[in-house]
Amino acid sequence: MTTFTIGDVTITKITELEATGDTELMLPDATPQAVRQVTWLHPHYATEDGLLKTSIHAFAVVTPTRRIIVDTGLGNHKMGRPVPAWNGMTGTFLQDLTDAGFPPDGIDTVLCTHLHVDHAGWDTRLVHGQWVPTFPNARHVFARTEFEHAEAAPGHGTAELFADSVTPLVQAGLVDLVPANEQVTPEIQMVPTPGHTPGHVSILIESRGERALITGDFIHHPVQLARPSWTSAGDHDPGRAATTRRVVLEELARTRTLLIGTHFPGPTAGYVIPDGDDTYRLQSLA
Ligand SMILES: [Zn+2]
């Protein structure tokens with residue numbers, strides 16, 4: 001189990017799915033030849049042959065007053081997803097979450113960086129043919145801009161996500177729509193990181209002088225520290241996404257903030273170290 005401590009807050013990674021290669025859609029510029037040139041990616045984040053390693057996971061965040069999940073992965077039994085392997089999953093995520101000390105009933109807050117199918121899937125689960133909230137005692141907090149955009153622009157499986165994973169929450173009265181810079185607890189704040197989606201947010205954790213940022217998808221892979229201009233084929237606004245990446249990476253390097261990657265495999269977190277002109281490398285904790 002991978003757990004990070006920031007002052008009084010702990011952040012535990014619960015993995016749902018890991019993969020190697022097949023990242024042409026995620027980062028079209030990341031050819032094996034181009035990836036091999038970023039030598040520090042091996043072994044944690046890329047193979048020797050230049051294939052990127054990726055992960056889909058959730059973070060259980062415990063503060064002195066709250067038990068929070070940040071992003072909830074793909075979910076089981078979901079269909080109509082844009083990636084074949086993401087359909088009809090039957091993984092052990094919920095058991096793994098429980099075994100790690102986070103039974104779903106004990107979660108009081110679910111935060112979502114953005115409404116794509118790999119970030120809100122476990123918001124519901126299938127019980128006797130019905131989609132029911134997985135975290136029935138939790139407020140499900142979304143940036144209003146993100147929620148309204150996703151509801152109106154239902155591509156890439158978002159319509160299916162709303163039908164099976166979001167609408168049941170709305171019907172159960174569990175959804176709170178908030179400003180994109182919402183202060184959730186004294187230690188936890190949503191910060192706007194637009195581009196991948198218009199209302200995309202990252203999650204800033206500050207406690208006892210220490211800081212960490214859970215990325216969401218303003219950055220998909222550590223290779224983008226070395227190549228900040230590499231954009232995702234799934235970016236709503238690639239130019240804005242690249243600008244967000246540059247601004248945030250510069251700030252993380254300057255403030256020694258732990259970067260915790262939503263799709264980073266292996267060590268998953270590290271410090272952003274300047275490594276050339278407007279480029280960086282990740283100094284992993286492991
Ligand atoms: Zn994602």
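In which sense do strand β1 and strand β2 pair, and over how many bridges? Strand β1 (residues 2-6) and strand β2 (residues 9-20) pair in the antiparallel sense over 5 bridges. This is a predicted model, in which local features need pLDDT of at least 70, side-chain atom pairs count only at pLDDT 80 or more, and totals for chains, interfaces and linings use all residues. Residues are numbered from 1 along each chain as its sequence is written, and side-chain values use heavy atoms, with hydrogens and water left out.

**The first hairpin**

β1 and β2 form a hairpin with 2 residues between them. Gly7 sits in the turn and has a positive phi of about 55°. Thr3 has Thr12 in β2 as its bridge partner. Strands here are DSSP runs of E with at least two residues, helices are runs of H or I with at least four residues, and both are numbered from the N terminus. Two strands pair if DSSP finds at least two bridges between them.

Val9 lies in strand β2. Val9 is buried, with a relative accessible area of 0%. Buried means under 20% relative accessible area, exposed means over 50%, and partly exposed lies in between (1.4 Å probe, protein chains only). The C-alpha atoms of Val9 and Gly101 are separated by 15 Å, and these residues are 92 apart along the chain.

**Two open sheets**

One open sheet has 7 strands in the order β1-β2-β3-β4-β5-β8-β9, with mixed pairing. β1 and β9 (175-178) stand at its edges, each with a single partner strand, so one side of each has no neighbour in the sheet. Neighbouring strands of this sheet are turned by 25° against each other on average, direction ignored.

Another open sheet has 6 strands in the order β10-β11-β12-β13-β14-β15, also with mixed pairing. Its edges are β10 (188-192) and β15 (280-284), each with a single partner strand, so one side of each is left without a neighbour in the sheet. Here the average turn between neighbouring strands is 35°, direction ignored.

Two further strand pairs are set out below.

| Strand pair | Sense | Bridges | A bridge partnership |
|---|---|---|---|
| β8 (residues 139-143) and β9 | parallel | 4 bridges | His140 with Val175 in β9 |
| β13 (residues 258-260) and β14 (residues 269-274) | antiparallel | 2 bridges | Ile260 with Ala269 in β14 |

**A helix pair**

Helix α3 (residues 144-152) and helix α4 (residues 158-171) pack at an angle of about 130°, with their axes 10 Å apart. α3 and α4 are therefore oblique to each other. Angles under 35 degrees count as roughly parallel, over 145 as roughly antiparallel, 65 to 115 as roughly perpendicular, and the rest as oblique.

**The zinc site**

Which residues hold the protein donors of the zinc ion? They are Asp118 (OD), His119 (NE2), Asp217 (OD) and His263 (NE2), lying 2.1 to 2.2 Å from the ion. Donors are N, O and S atoms within 2.8 Å of the metal (3.2 Å for Na, K and Ca); water is not among the atoms, so sites may look incomplete.

In sequence the donor residues are spaced D-H-x97-D-x45-H. Asp118 and Asp217 link distant parts of the chain, 99 residues apart. Asp118 is in the loop between β5 (109-111) and β6 (124-127). Asp217 is in the loop between β12 (210-214) and α5 (223-226). Asp118 is buried, at 9% relative accessible area. Asp217 also counts as buried, at 3%.

Why is the arrangement around the zinc ion irregular? The 4 donor atoms subtend angles of 89 to 162°, which makes the arrangement irregular. Four donors count as tetrahedral if all angles lie between 85 and 135 degrees; four count as square planar and six as octahedral if opposite donors are over 155 degrees apart and all others between 65 and 115; anything else is irregular.

How values were computed. Axes are lines fitted to C-alpha atoms, for helices over the stretch in contact, and angles run from 0 to 180 degrees between N-to-C directions.
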